[in-house]
Amino acid sequence: KPIAQISGIRVHLKDTIFPAEAEFSYDDNNLTFKFVGISLTNPSKIKYEYTLDGFDKGWVPGNALNEVVYTNISPGTYTFKLRCYNNHGVVSDVAEYKFTIKPPFWQTAIFYVIVGVFIVFAIFVYDKVRNRKLKVAKQVLEKEVEKRTIELAIKNEELAEKNKDITDSIRYAKRLQDASLPSADKVKKLFTESFVFFKPKDIVSGDFFWCAQKGDLAYCAVI
């Protein structure tokens, strides 16, 4: 049976050292694998099959080309496998090459941890700032309420003082009204079978009564 060998690798079409295992950076993800098949029967009739585990879905059918290009390989670990057939259809052992495409820093676990810590810290700071603003707003509101309460108390005191003045004036007017009305005894003296029903709705009434005697006549008026 023939012998399959991986003979070299190009990175971005440039030849590179061919170690047993290698790591490539995320931007060195365009690889060309070179290989050769050794057959003692008919070297010109060698055909190749290959696959890249984790990239290809299966073996790529046989052809006579002795290199293959893979572009835009995502970060991860891969194994390139090669086998060849001679002109009698006898297959070789599988040659393998394992390599890793390293992820960029922003796709590493350390970066995710840093981002997670930053997010937690940002939430913590935001919560502190928000609570501080709420506390300040509460203090401002309490001061405003206290100020309005004092203003309201002053206005209530002013209103109470005005009401007292008005009430005193009304009571004084009532005294004037009471002084201008005849007494119940005077009414009874002039009209023996009578009474006075005088019940104002408010302190001062809008009704007035009057009575007097002139000669043999007694006069009465309700106004």
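**Strand pairing, cores and salt bridges in a predicted model**

In the predicted model, Leu-31 has Tyr-70 of strand β7 as its bridge partner. This pair belongs to the junction between β4 and β7, where four bridges join the two strands in the antiparallel sense. Strands β4 and β7 are themselves part of an open sheet of four strands, arranged in the order β2-β1-β4-β7 with antiparallel pairing. The edges of this sheet are formed by β2 (14-16) and β7 (67-70), each of which pairs on one side only. From one strand to the next, the twist averages 35 degrees. Strands of a sheet pair through backbone hydrogen bonds, in either the parallel or the antiparallel sense.

The remaining junctions of the sheet involve β1. Strand β1 (residues 3-11) is joined to β2 by three bridges, and the two strands run antiparallel. Within this pairing, Ile-9 is matched with Thr-16 of β2. On the β4 side, β1 is paired over eight bridges, again in the antiparallel sense. One of the residues that face each other here is Ala-4, which stands opposite Gly-37 of β4.

Beyond β4, Ser-39 is placed in the loop between β4 (31-38) and β5 (47-53). Ser-39 counts as buried because its relative accessibility is 6%, which falls under the 20% limit. When neighbours within four places in sequence are left aside, the contacts of Ser-39 are Pro-2, Ile-46 and Asn-86.

Leu-31 also appears in the nonpolar interior. The largest nonpolar core comprises 24 residues, and those with the most contacts inside it are Leu-31, Phe-33, Phe-80 and Phe-99. At least two residues of this core are supplied by each of β1, β3 (21-24), β4, β5, β7, β8 (76-85) and β9 (95-101). The surroundings of Phe-99 were examined further. Apart from neighbours within four places in sequence, Phe-99 is in contact with Ala-22, Phe-24, Leu-31, Phe-33, Leu-52, Ile-73, Gly-76, Thr-77, Tyr-78 and Phe-80. A second core, separate from the largest one, has five residues, among them Leu-181, Val-187, Leu-190 and Phe-209.

Charged side chains were considered next. Side chains of opposite charge can pair when their charged atoms come close. The structure holds eight salt bridges. One of them links Lys-81 to Asp-53, with the closest N and O atoms 2.9 Å apart. Lys-81 lies in strand β8 and Asp-53 in strand β5, so this salt bridge ties together parts that are 28 residues apart in sequence. Asp-53 has a relative accessibility of 30% and therefore counts as partly exposed.

Other salt bridges are found within helix α1 (residues 109-180), where Lys-164 and Asp-168 both lie, four residues apart, or about one turn of the helix. The side chains of Lys-164 and Asp-168 meet at an N to O distance of 3.2 Å in a salt bridge. Lys-164 is partly exposed, at a relative accessible area of 48%, and Asp-168 is likewise partly exposed, at 37%. Lys-174 and Asp-178 are also both located in helix α1, with a spacing of four residues, about one turn of the helix. Their side chains form a salt bridge with an N to O distance of 2.8 Å. Lys-174 has a relative accessible area of 30% and is partly exposed; Asp-178, with 38%, is partly exposed as well. In addition, Glu-144, Arg-148 and Glu-151 are joined into one network by salt bridges that share partners.

Finally, the cysteines were assessed for disulfides. A disulfide is a covalent bond between the sulfur atoms of two cysteines. The count of disulfides comes to zero. Cys-211 is in no disulfide, and its nearest cysteine sulfur, that of Cys-220, is 6.0 Å away. This pair does not qualify because a disulfide requires sulfur atoms within 2.5 Å. Cys-220 is accordingly in no disulfide either, the nearest cysteine sulfur being that of Cys-211. The two residues fall into separate accessibility classes: Cys-211 counts as buried, at 2% relative accessibility, whereas Cys-220 counts as exposed, at 53%.

Technical notes
Residues numbered from 1 in each chain as written. Predicted model: local features only at pLDDT ≥ 70, side-chain atom pairs only at ≥ 80, totals over all residues. Heavy atoms only, no water. Pairing = 2+ DSSP bridges. Axes fitted to C-alpha atoms, helices over the stretch in contact; angles between N-to-C directions. Buried < 20%, exposed > 50% of the residue type's maximum accessible area, 1.4 Å probe, protein only. Contact = heavy atoms within 4.5 Å. Core = buried A, V, L, I, M, F, W, Y, C linked by side-chain atoms within 4.5 Å. Salt bridge = Lys/Arg side-chain N within 4 Å of Asp/Glu carboxyl O.
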